Amino acid sequence: MEEKIYELLSEEFPAIDFKGSDTLVDDGILDSLTITGIIATLTMEFGITIPYEEIIEENFNSIAGLAKMVEKLSNK
Amino acid sequence: MTFISVEFYLLLAIVAAVYFIVPLKFRWFILLLGSLAFYVFQGIEMLPLMLLSSFVGWLFGLCMGKVYERDPKQKKKAKLFSGIAIVFLIGMLAFVKSSRYMPESVASKIIVPIGISYYTFSIVSYLIDVYRRKYQAEPNFLKFTLFTAYFPKVLQGPIARYDKLMPQLAEGHKFEYGRFCFGLQLMLWGFFKKLVIADRLSIFTNTVFLDAANMSGSVILVAAIFATLELYCDFSACMDLASGMSQIFGIELEQNFDHPFFSKSAAEFWRRWHITLGAWFKDYVYMPIVTSPRMAKLLQMVKKHFGTRCGKSVMAFVPLSVVWVLTGVWHGTGRAYVVWGIYWGAMIIISQIFAPEIKKLNAFLHINVESESWKIFQMVRTFALFSIGRMITIPNSLSTTALMFRKIFLDFRPWQLVDESLYTFGLDRKNFLLALFLFFILWSVSMLQEKGSLRLRISEYNVVFRWMIYYIAIIAIIVLGIYGPGYDASSFVYIGY
């Protein structure tokens, strides 16, 4: 899952090094518009709904966090 | 009574003196008394309406707290409570804001409590956060009223969040000389920006915009640039004064400005200008739309029929359109404000949707996007975009805005920029050239602030140099400040919102 999300997001946002940081939100690498783009990409790719409660730094700080969130929401 | 009045500073001095005399645990109560006194000075008739909003916010927050205490999963009931309170508060705000559309006989009877746009948004954020169980409801009505009406922030914000401000207000702070000096320094810079720069520029802009039909395009263009800097100096000065006086009490208000004219795009600009308003819309309007199940369904449907690219465009378009129309309406109820909101929304949406094409265009034109010259161009572009936006809202009449744009394009007289013409619109040659020098000071200080805390660096200088800076600033404010009748400066622009 991690690899798939990495490929997807790297293609979508080539300027961002998703593996270069585990604190993508904390470091200001992801702003709210980029986070919206990530939500759109994941929603359309995996057919999931990402609820407001999941928009937390822990989920968006790294590819691992995103993969964990997608897996959790896919199994719902 | 505004931040630029003798009465206000008498009140501040009394509140500060009593605050540091009474025991720590009662200090919040002194701030409350000071805030209520400030409101009474604004007009005693406004007080009941502010107290009503505060009471509604407190009561329904408490009801939600009780619901969650009994059953933490009772979200539906809590939603009902927060919904009723929010509809009431926003309804009240919309009612007083729409008074301009009512007959004069009715409108003149409507009381508009000062700061209603700011404190209503603060209370609504509190109600939503309690509903989301971000924190517990406030049990003490008086403390909640202090959060609503804390006097340094009630006039023009920042739009305070309960979890950031309330703990600081409730906790008594000891007097600290260093913090006291830092607060005064920030206030000094605020006075400088307001009295020396903003109010000086307002003489020129008022003269030009009040008679725009008879002005040439070149004069209107200069006035639009001045109006942009005037608004920045005016609003950020008020924030510096609010933050500075709060620092005296040991309270840190949220940052509302982060040198917005160093921004390289419209989206970045709005993350650095009126930060707390943007953050409010992001947390309570934008993200709930982005994460709603309906939006997810819409995206999947659009992807299925029109492809991923179209889905992403929908995601950029829908929430940003809603946010920007609402942001426009928040600033004012006229059509001009709606157009202004659409203008900024369109700018940000287009840059989002066409980001790949913009990137390709830059590559095609061999533009080095990392070069300093390109960054400077982007900053100038941001400034120009903001100035265009100012021209939409300043006359509050779209026909006058259209006329001004026509004049800039069809009646531009470049020689007026270099002959003596510009000295005939309220600012004589000396004051006009001084205004240009003041822009240089503003830019220099902003550059230094971008590199880190300027006040911290000043505090490290030797005592002689330090006091020389203070004296120069004080003398500049006294000598160069623009003082109206009764030594009461012009009103702050954002008080009207």
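The radius of gyration used here is taken over C-alpha atoms, and the globule rule is 2.2 Å times the number of residues to the power 0.38. Keep that rule handy for the exercises below, which work through a predicted model.

**Exercise 1. The overall build of each chain**

Work out what radius of gyration a compact globule would have for chain A, and set the value of chain A beside it.

*Solution.* Start with the rule: for 76 residues, a compact globule would come out near 11 Å. Chain A has 11 Å, so the two agree. Next, look at the C-alpha trace of chain A, which spans about 30 × 25 × 20 Å along its principal axes. What is chain A built from? Four helices and zero strands, giving the pattern α-α-α-α along the sequence. Then check the packing: 32% of the 76 residues in chain A are buried. Finally, take the contacts in chain A with a separation of 6 or more; 63% of them are between residues 24 or more positions apart.

Now do the same for chain B.

*Solution.* With 497 residues, the rule puts a compact globule near 23 Å, and chain B has 24 Å, which agrees. Its C-alpha trace covers about 75 × 70 × 55 Å along the principal axes. Chain B has 22 helices and zero strands. Buried residues come to 37% of the 497. For contacts in chain B between residues at least 6 apart in sequence, 74% join residues at least 24 apart.

**Exercise 2. How far to trust it**

Find the elements of chain B with the lowest and the highest mean pLDDT.

*Solution.* Begin with the whole chain: the mean pLDDT of chain B is 91, with 97% of its residues at 70 or more. Then go element by element. Helix α5 (residues 104-107) of chain B has the lowest mean, 79, while α7(B) has the highest, 97. A reminder for this sort of reading: where pLDDT is low, predicted coordinates should not be read in detail. For the model as a whole, the scores are ipTM 0.88 and pTM 0.90.

**Exercise 3. Where the chains meet**

Describe the side of chain B that touches chain A.

*Solution.* Count first: 17 residues of chain B are in contact with 15 residues of chain A. Then ask which elements of chain B give two or more residues to that side. They are α12 (266-272), α13 (275-290), α14 (293-306) and α15 (308-331). α14(B) supplies the largest share, five residues. Last, sort the chain B side by type: eight nonpolar, five polar and four charged.

**Exercise 4. A helix crossing**

Characterise how helix α7 (residues 141-149) of chain B packs against helix α9 (residues 162-170) of chain B.

*Solution.* Geometry comes first: the two axes come within 10 Å and cross at roughly 115°. The crossing of α7(B) past α9(B) is right-handed. Now for the residues. From α7(B) come K143(B), L146(B) and F147(B), and these meet Y162(B), L165(B), M166(B), L169(B) and A170(B) of α9(B). By type, the contact holds seven nonpolar residues, no polar ones and one charged.

**Exercise 5. Backbone oddities**

Locate the cis peptide bond at P158(B), and examine the positive phi values of R133(B) and H366(B), giving omega for the bond.

*Solution.* Recall the background: most residues other than glycine have a negative phi, and most peptide bonds are trans. The bond from G157(B) to P158(B) is cis, with omega near 10°. P158(B) sits in the loop between α8 (151-154) and α9 of chain B.

R133(B) has phi near 65° and lies in the loop between α6 (116-131) and α7 of chain B. H366(B) has phi of about 55°, in the loop between α17 (355-364) and α18 (372-393) of chain B.

Are these two residues buried or exposed? R133(B) has 14 other C-beta atoms within 10 Å, so it is partly exposed. H366(B) has 6 such neighbours inside 10 Å, so H366(B) counts as exposed.

**Exercise 6. One residue in detail**

Decide whether F281(B) is buried or exposed, and find what it touches.

*Solution.* F281(B) is in helix α13 of chain B. The cut-off for buried is 20 or more other C-beta atoms within 10 Å. F281(B) has 20 C-beta neighbours inside 10 Å, so F281(B) counts as buried. Leaving out residues up to four places away in sequence, F281(B) touches Y286(B), V323(B), L326(B) and T327(B). As for L417(B), it is 136 residues from F281(B) in sequence and 41 Å away in space, C-alpha to C-alpha.

Notes:
Residues numbered from 1 in each chain as written. Chains lettered and ligands numbered in written order. Predicted model: local features only at pLDDT ≥ 70, side-chain atom pairs only at ≥ 80, totals over all residues. Axes fitted to C-alpha atoms, helices over the stretch in contact; angles between N-to-C directions. Left-handed = near helix turned anticlockwise from the far one by under 90°. Contact = placed C-beta atoms within 7 Å. Nonpolar A, V, L, I, M, F, W, Y, C, P; charged D, E, K, R; others polar. pLDDT = per-residue confidence, 0-100. Buried ≥ 20, exposed ≤ 12 C-beta atoms within 10 Å, placed from the backbone.
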